[in-house]
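Here are some exercises to work through with the sequence and the model side by side. Try each task yourself before you read the solution.

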Amino acid sequence: MKVGILSFAHMHAQSYAVQLQRHPEAELAALWDDDPIRGEAMAAKYGATYFRDLSAFLQAPLEAVVVCSENARHKEHVIACARAGKHVLCEKPIATDVQDALEMIRVCAKEQVMLQVAYPVRFAPVMQHVKELVQSGALGTILAINSTNHGQMPGGWFVEKEQSGGGAATDHIVHLMDLVRWMLGDEVKSVYAELDTRFYELAVEDCGMVSLVLESGVVVGIDPSWSRPKTFPTWGDVTMRIIGTKGTIEVDGFRQHVLHYDDTAGKLQQLPWAADMDERLIADFVQSVQEKRAPSITGEDGLRTLEVVKAAYESNKRKQTVVLDRVPLA
């Protein structure tokens, strides 16, 4: 199965490229990038054909495309892929605007191509086990969830609102919100958020606190930030504390690691030894295309998490709780 990568603007593109190379039934055949220096370097690194012209790239014999361009360009790129008959794995967030996400979903449905959103944390074995415990009733009725997603400040276009859609809230709320929806099968009723810029001199937020109430009454706290220093041994964390009537469970998505004391590089690193989430995400995407089945993580999943992000910004602006108004897909 021939797959292309549309842009290496997002750092996750390189991880996906590695996993496509390793997959026994997939081939990273082509890539497009509007930066010719980056594009040619990545093509040489991963043994793929580089296209500078997007139309030519979309005319190549590819079954699927992984879109890793800047967030604000997801709409144009996903729609272009769909109209070219390519199945799509789109980096998160699905878009920077709710109506854009809705149009992406509708065009992909019309063109009969698959649209999957990249939420790899679902594929962490520990998260899958926690979901099984939650849904089995082992914790009783879930009452509350407290969660964090801290990371290093990525810089570049990530801190330019026109291209990213926002700062740490855009970057980090979506992962945790996707896990909550996936584990509980529930939707958000209301959002209260306070966002700020405390760690860096940026035009976007680098930290915040978000409080959600789900339709079932479950209370969820999300702490998204770019608070990890450059010397931190890994990019960040994803943690959850899930409180039920029969028990509480705490999970750290990246706890399984060894410490690497690297004197040559002059730094300490956490090297994970658990199953690679990106490997499992790519394998799931390839299998979905091959079997012509619905994706594990749908465009609607991306839309619903984006709605929460937008409600958080609105709440922060108005300094009050916002009742979520979910847009219908039909």
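Rings of Phe, Tyr and Trp (its six-membered ring) pair if their centres lie within 6.5 Å; planes under 30 degrees apart count as stacked, over 60 as edge-to-face and the rest as tilted. This is a predicted model, in which local features need pLDDT of at least 70 and side-chain atom pairs count only at pLDDT 80 or more, while totals for chains, interfaces and linings use all residues. Residues are numbered from 1 along each chain as its sequence is written, and side-chain values use heavy atoms, with hydrogens and water left out.

**Exercise 1. Aromatic pairs**

Task: Find how many aromatic pairs the whole structure has, and describe the pair of Phe 8 and Tyr 46.

Solution: Step one is the search, which finds 3 aromatic pairs in the whole structure. Step two is the geometry: the rings of Phe 8 and Tyr 46 are 6.0 Å apart, centre to centre, with 15° between the planes, and the pair is stacked. Step three places the residues: Phe 8 is in the loop between strand S1 (2-6) and helix H1 (12-22), and Tyr 46 is in helix H2 (residues 36-46), so the pair ties together parts that are 38 residues apart in sequence. Helices (H or I, at least four residues) and strands (E, at least two) are DSSP runs, numbered from the N terminus.

**Exercise 2. The open sheet**

Task: Work out the strand order of the open sheet of 6 strands.

Solution: Start with the rule that two strands pair if DSSP finds at least two bridges between them. The order is then S3-S2-S1-S4-S5-S6, with parallel pairing. At the edges are strand S3 (49-51) and strand S6 (115-118), each of which pairs on one side only. From one strand to the next, the twist averages 25°. Now look inside the sheet: strand S4 (residues 64-67) and strand S5 (residues 87-91) run parallel and are joined by 4 bridges. Val 66 stands opposite Leu 89 in S5.

**Exercise 3. Two helix packings**

Task: Decide how H4 is oriented relative to H5, and how H8 is oriented relative to H10.

Solution: Axes are lines fitted to C-alpha atoms, for helices over the stretch in contact, and angles run from 0 to 180 degrees between N-to-C directions. Angles under 35 degrees count as roughly parallel, over 145 as roughly antiparallel, 65 to 115 as roughly perpendicular and the rest as oblique.

- Helix H4 (residues 74-83) packs with helix H5 (residues 98-110) at an angle of about 5°, their axes 9 Å apart. That makes H4 roughly parallel to H5.
- The axes of helix H8 (residues 168-184) and helix H10 (residues 299-318) cross at roughly 125° and come within 9 Å. H8 and H10 are therefore oblique to each other.

For the contacts (heavy atoms within 4.5 Å), residues of H4 including Val 78 and Ile 79 meet residues of H5, among them Met 104 and Val 107.

**Exercise 4. Two partners of one strand**

Task: In which sense does S7 pair with S11, parallel or antiparallel, and in which sense do S7 and S10 run?

Solution: Take S11 to begin with. Strand S7 (residues 142-152) and strand S11 (residues 239-244) pair in the antiparallel sense over 6 bridges. Asn 146 has Arg 241 in S11 as its bridge partner. Next, S7 and strand S10 (residues 219-228) run parallel, joined by 8 bridges. Here Ala 144 has Val 219 in S10 as its bridge partner.
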